[in-house]
Each structure stands twice: as C-alpha cells, then as structure tokens.
Amino acid sequence: MSENKTDYILRVEDIHKTYGDAEVLKGVSFNVRKGDTIVFIGPSGTGKSTLLRCINQLTVPDSGRVWLHDEEVTNSGKKINRFRQKIGMVFQNFYLFDHLTAIKNVEIALIKVKGMSPEAAREKALYELRQVGMEDFADHYPAELSGGQAQRVSIARALAMEPDVILFDEPTSALDPELTREVLEVMRKLALEGMTMLVVTHEMGFARSVATEIVFMESGVIQEIGTPAEVFGDGGGFERIRSFMGKIGDLSGD
Amino acid sequence: MDLFSVVAEWFPYLVEGILVTVGLVASALIIGACLGLPMAIGQVYGSRPLKYVIGLYVWFFRGLPVLVLLFMFYFTIFPLLNLDLDAFFVGATVLGLRGAAYQSQIFRGAIQSISEGQMTAARSLGMSRAAAIRTIIIPQAVRIALPGWSNEYPNILTDSAICYAIGVAELLTRTSQIVTQTYITMPIYILCALMFIMLNFAGMRVIAYLEKRVAIPGFSGGGQAGIV
Ligand SMILES: Nc1ncnc2c1ncn2[C@@H]1O[C@H](COP(=O)(O)OP(=O)(O)OP(=O)(O)O)[C@@H](O)[C@H]1O
Ligand SMILES: [Mg+2]
C-alpha cells in the first residue's frame with residue numbers, strides 16, 4: 001500500500017446493494033482524485049444509478065463505505081445533510097423545483113440550507129446561472145425552459161453549493177442531440193476548470209475527450225477501468241468496453 | 001302590511017345573518033385547512049401509527065351525517081368536557097373538524113401527485129426532510145390542491161345552514177324566525193335562497209382570483225382549472 005489515502009477526494013469501498021432478491025451492486029470499489037472526471041458506462045440495469053445514489057446516501061447501501069476526504073459519508077446519521085452539500089447531484093430528468101423560477105431554484109438551498117442572506121444568495125445564484133449561460137432566463141419557471149436549459153439550471157443549482165464533487169446521472173439522456181451538446185459543453189467547461197465529476201453517460205465523444213477514467217459496469221460490478229487513451233487506443237484488452245461501445249455506436253448510428 | 005315594507009324592515013336582520021354565515025364558513029374553512037394540511041402531511045410522511053390515527057379521524061368525520069356530528073358535539077361531547085360553548089362556536093368547530101377530514105384528502109392527493117424527484121432533488125442539496133416538505137412540497141401541494149379545495153367552499157356554505165338545528169343565528173335561522181313572525185313564507189325563503197346564491201357566487205369569485213394570483217406556469221392547479 002504505497003498510495004496515500006489522502007490523495008483521494010472520494011473513496012468508495014465494497015458497496016453492496018440488494019433489492020428483494022436482486023443483487024444490484026455486488027461489491028463496487030473505486031477512488032477519485034481531485035479534478036478527476038470518471039465516466040461510468042454499462043448496459044441498462046447494471047446498477048449505475050444505484051451506485052451514484054449510494055455515494056450521497058439517497059440510497060442506503062447494505063454494506064460498504066464511502067469516504068469524502070477522510071470523513072465517512074456512510075453511517076453518518078444526521079450529518080449526511082452536511083455531506084450532501086458537498087456532493088452535488090444532477091439528474092436525468094433535471095428535477096428542478098417546479099414552483100420556483102430558475103434563479104430561485106438556485107437560491108433556495110443557499111438560503112434554507114447554507115443560511116445565506118437572500119441578497120447574497122441572489123448574487124451567488126446569478127453568478128452560477130451566468131456560468132451555465134442561463135442568466136437571461138433567471139425569471140423563467142421550469143415549465144418555460146427547454147430540456148437543455150432546465151438541465152443547465154440544475155447544474156447551476158448543484159454548483160452553487162460549492163460541492164467537492166458532482167454526480168451526474170445520465171444528464172443528457174432526456175435531451176435531443178442539439179440540447180445534449182449545450183449541456184455537454186457546460187460539463188466540459190466544468191471539467192476543465194477542475195471540478196471533480198462522476199458521470200454516468202453514453203456520450204462516448206464526451207468520455208473520450210473529457211474523462212480521466214472510463215469505468216465499465218455490468219451485473220453490479222466494475223468489469224473494466226481504463227483511461228480514454230487505453231480504451232480508445234489500439235492496444236489490447238478492454239474487449240468488453242469496446243464491444244459495448246460498438247453496440248451503443250450502432251444504436252446512435254441509426 | 002305589504003311585502004316591500006316587511007322586507008325593508010327585516011332586511012338588516014337578514015344581512016346580519018349573512019355575516020354570521022360568512023363567519024361560520026370562514027372559520028370552518030380555516031380550521032379545516034389548518035388541520036387538514038398537517039393531517040395530509042402526516043398521512044403521506046408520518047409513521048404507521050400516525051397514519052392510522054389520521055385515517056381513523058377521516059373515517060369518523062366523513063362517515064357520520066353532519067347533523068349527527070353537530071348534535072353529538074353540542075349535546076354530548078362539549079357538555080361532557082364541561083365546556084359551555086356558544087352555538088356559533090360549536091357550529092364552526094364541527095364544520096371545521098369535518099372539513100379537515102375532507103381537506104386532508106384533497107391535500108393528500110395533491111402531495112402524492114408531486115413527483116418523487118422533487119424530494120430527491122431537495123435532499124440531494126442537503127435539505128432535511130422537514131425543510132423539503134416545508135419549502136418544496138407544501139407550496140406545490142397547495143397550488144395543485146386549489147381547484148379541489150375550491151369545492152370545499154360551496155360544500156361548507158350549504159352545510160352551514162344545518163347550524164339552524166342548534167340555534168346559531170345564521171341566515172336560515174333568521175329566515176325562519178321572520179317567517180314565523182310575519183306569516184310571509186315564499187318570498188322570504190326566496191330572499192334567503194338568493195342570499196345563499198350570492199354568497200356562493202361571491203366566494204367562488206374570490207377563490208378564482210386567489211387561484212390566479214398564485215398560479216405558476218406548468219401547474220395544472222393554477223388559473224384555469226378551478227374557475228367555475
Ligand atoms: N428502489 C428500487 N427498488 C427496487 N429495485 C430497484 C430500485 N432501484 C433500482 N432497482 C433495480 O436495480 C437494478 C439497477 O438499477 P439502476 O437504476 O441502478 O441501473 P442503471 O445501471 O442505472 O440502469 P439504466 O442505464 O437503465 O439507468 C434494476 O434492475 C432496477 O430495477
Ligand atoms: Mg440509471
């Protein structure tokens with residue numbers, strides 16, 4: 001064990017999760033360094049969403065541990081709300097608060113969770129909306145936004161909390177190609193600025209150009225891990241990732 | 001005595017009855033909302049025993065005729081508790097407690113129609129469950145519930161006349177007093193009916209206005225659906 005544990009911003013140790021008699025996660029472990037972008041791919045139903053949700057305890061794993069810096073996130077009781085501020089999450093269906101305007105969506109947790117003053121929260125929210133190119137839509141309600149715009153607001157909402165890491169669960173899967181591009185652009189920018197990100201996505205272009213590592217999951221375990229250079233290069237190995245990418249490539253080529 | 005002078009003479013007395021009726025209805029609606037909303041939250045998010053108790057309450061108040069409830073509280077329950085309460089207070093309380101049972105089910109349906117994602121997103125930002133319920137779920141639920149809620153007003157308005165039975169000096173009570181005194185029947189009852197209809201109409205307009213005020217794009221609850 002030569003690696004220093006404190007090199008890692010996030011450590012996931014042997015996560016198990018069973019629903020009924022379906023073992024969805026069968027012992028998943030990995031480590032994340034500050035500034036990493038880890039892309040998770042894999043067939044439907046292999047537990048990718050469940051894994052992300054276990055990290056911020058939206059789903060409580062049966063066993064295994066999650067560490068943020070050197071604090072344990074699992075089994076943290078009421079303190080979990082503090083960790084969740086540090087672990088942002090972006091969902092496939094945005095989950096913007098439907099009764100609040102874009103800017104209020106970003107403000108609300110700053111005020112109610114972080115205890116910021118309304119003025120400071122507004123300023124911060126405007127700043128984050130600008131970061132994702134949505135300041136002109138600050139007073140729009142979610143129903144008045146396109147999917148891509150809504151997703152960018154939800155990214156601003158996560159960013160406003162100044163998280164150490166953001167979990168993205170198929171952030172573009174509900175979007176058509178044009179809107180997908182504008183969201184991926186924002187994520188690419190975040191990655192370049194050094195945000196630590198865990199991204200479940202089937203956007204191979206994004207994985208190839210942005211990922212620090214590509215993780216292939218199947219049947220509740222990590223099957224292969226490699227850098228984009230290894231996975232997309234002409235070296236050996238990575239048959240499963242490559243065959244999976246071939247399949248989804250076929251799909252998108254239709 | 002001609003009809004017009006009779007009406008002119010008793011009109012102020014009837015108008016006072018309107019005020020009593022409005023007071024009954026407003027109190028009942030407020031009591032119903034103040035109890036109904038927390039009950040709905042309890043039924044959706046509460047522990048099993050709590051859900052059970054609320055379910056029992058709803059079953060009880062929806063299962064009995066309003067007149068039975070009224071007599072029960074006026075002649076038994078409150079006297080047993082050694083409370084010598086004014087008939088108006090008993091009427092408003094009974095209508096309110098009964099309204100709470102109905103309102104709780106309106107609010108419960110509204111809460112349950114909110115997508116799970118709203119709570120998930122709130123929790124993912126570090127909000128406690130209680131804070132999420134307060135700041136995300138309730139504001140949405142209230143808006144979704146408004147069209148259904150607005151039916152509570154005509155229901156309680158028409159039900160309020162039953163307080164006649166315990167002698168609350170509301171519209172119907174006063175109407176029948178006038179009839180007894182003047183032996184004029186039909187025109188006085190028609191006047192009473194007109195006043196109820198006017199109250200119904202005015203109240204619905206106020207509610208429609210409120211719905212418009214709180215309407216938010218994307219909520220079926222706002223603006224159109226509830227206007228009669
Ligand atoms: N709350 C739950 N209750 C029961 N089963 C669940 C629950 N959540 C997920 N599952 C099951 O766990 C398995 C893994 O689900 P998960 O959503 O994590 O997969 P995924 O890899 O994200 O799939 P997709 O690519 O379709 O999003 C699925 O079979 C799913 O039906
Ligand atoms: Mg998923």
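Start at B:Tyr183, which is exposed, with a relative accessible area of 70%. You'll find B:Tyr183 in the loop between helix H8 (171–182) and H9 of chain B. Its backbone is worth a look too: phi of B:Tyr183 is near 60 degrees, a positive value in a residue other than glycine. Keep in mind, here and below, that this is a predicted model.

From that loop, step back and take in chain B as a whole. Chain B has 9 helices and 0 strands, so if you read along the sequence you simply get α-α-α-α-α-α-α-α-α. The C-alpha trace of chain B spans about 75 × 45 × 20 Å along its principal axes. Chain B has 228 residues, and 49% of them count as buried. Now think about contacts in chain B with a separation of 6 or more: 74% of these come from residues 24 or more positions apart.

One helix pair in chain B deserves a closer look. Helix H1 of chain B (residues 3–45) packs against helix H9 of chain B (residues 186–214) at an angle of about 35 degrees, and their axes are 11 Å apart. The crossing of H1(B) past H9(B) is right-handed. Which residues meet there? On the H1(B) side they are B:Leu3, B:Val7, B:Phe11, B:Leu14, B:Ile18, B:Thr21 and B:Val22, and on the H9(B) side B:Pro187, B:Leu191, B:Met195, B:Phe196, B:Met198 and B:Leu199. Sorted by class, this contact of H1(B) with H9(B) has 12 nonpolar residues, 1 polar residue and no charged ones.

Next, the cysteines. How many disulfides are there over all chains? The count comes to 0. Take B:Cys34, which is in no disulfide: the nearest cysteine sulfur belongs to B:Cys163 and is 19 Å away, while a disulfide needs two cysteine sulfur atoms within 2.5 Å. B:Cys34 counts as exposed, at 53% relative accessibility. Over in chain A, A:Cys54 counts as buried, because its relative accessibility is 0%.

Let's stay in chain A and turn to charged side chains. A search of the whole structure finds 11 salt bridges over all chains. In one of them, the side chains of A:Arg122 and A:Glu107 meet at 2.7 Å, N to O. This pair links distant parts of the chain: A:Arg122 sits in helix H4 (residues 118–131) of chain A and A:Glu107 in helix H3 (residues 102–112) of chain A, 15 residues apart. Are the two partners buried or exposed? A:Arg122 is partly exposed, with a relative accessible area of 35%, whereas A:Glu107 is buried, with a relative accessible area of 6%.

Another salt bridge joins A:Arg188 and A:Glu185, at 3.6 Å from N to O. Here the partners are 3 residues apart in helix H6 (residues 177–192) of chain A, so about one helical turn separates them. A:Arg188 is partly exposed, with a relative accessible area of 25%, and A:Glu185 also counts as partly exposed, at 44% relative accessibility. Elsewhere, salt bridges that share partners join A:Lys124, A:Glu128 and A:Glu162 into one network. You can also find a salt bridge between the side chains of A:Arg65 and A:Glu72, at 3.6 Å, N to O. A:Arg65 is partly exposed, and its relative accessible area is 38%.

Finish with two loops of chain A that touch. The loop between strand E3 (37–41) and helix H1 (48–55) of chain A holds A:Thr46. A:Thr46 counts as buried, because its relative accessibility is 5%. What does A:Thr46 touch, not counting residues up to four places away in sequence? Its contacts are A:Val24, A:Leu25, A:Met217, A:Glu218, A:Ser219 and A:Gly220.

One of those contacts, A:Ser219, lies in the loop between strand E9 (213–218) and strand E10 (221–226) of chain A. A:Ser219 is partly exposed, with a relative accessible area of 42%. And A:Ser219 has a positive phi of about 50 degrees although it is not a glycine, which brings us back to B:Tyr183 and its own positive phi near 60 degrees.

Definitions and conventions
Residues numbered from 1 in each chain as written. Chains lettered and ligands numbered in written order. Predicted model: local features only at pLDDT ≥ 70, side-chain atom pairs only at ≥ 80, totals over all residues. Heavy atoms only, no water. Axes fitted to C-alpha atoms, helices over the stretch in contact; angles between N-to-C directions. Helix = DSSP H or I, 4+ residues; strand = E, 2+ residues; numbered from the N terminus. Left-handed = near helix turned anticlockwise from the far one by under 90°. Contact = heavy atoms within 4.5 Å. Nonpolar A, V, L, I, M, F, W, Y, C, P; charged D, E, K, R; others polar. Buried < 20%, exposed > 50% of the residue type's maximum accessible area, 1.4 Å probe, protein only. Salt bridge = Lys/Arg side-chain N within 4 Å of Asp/Glu carboxyl O.
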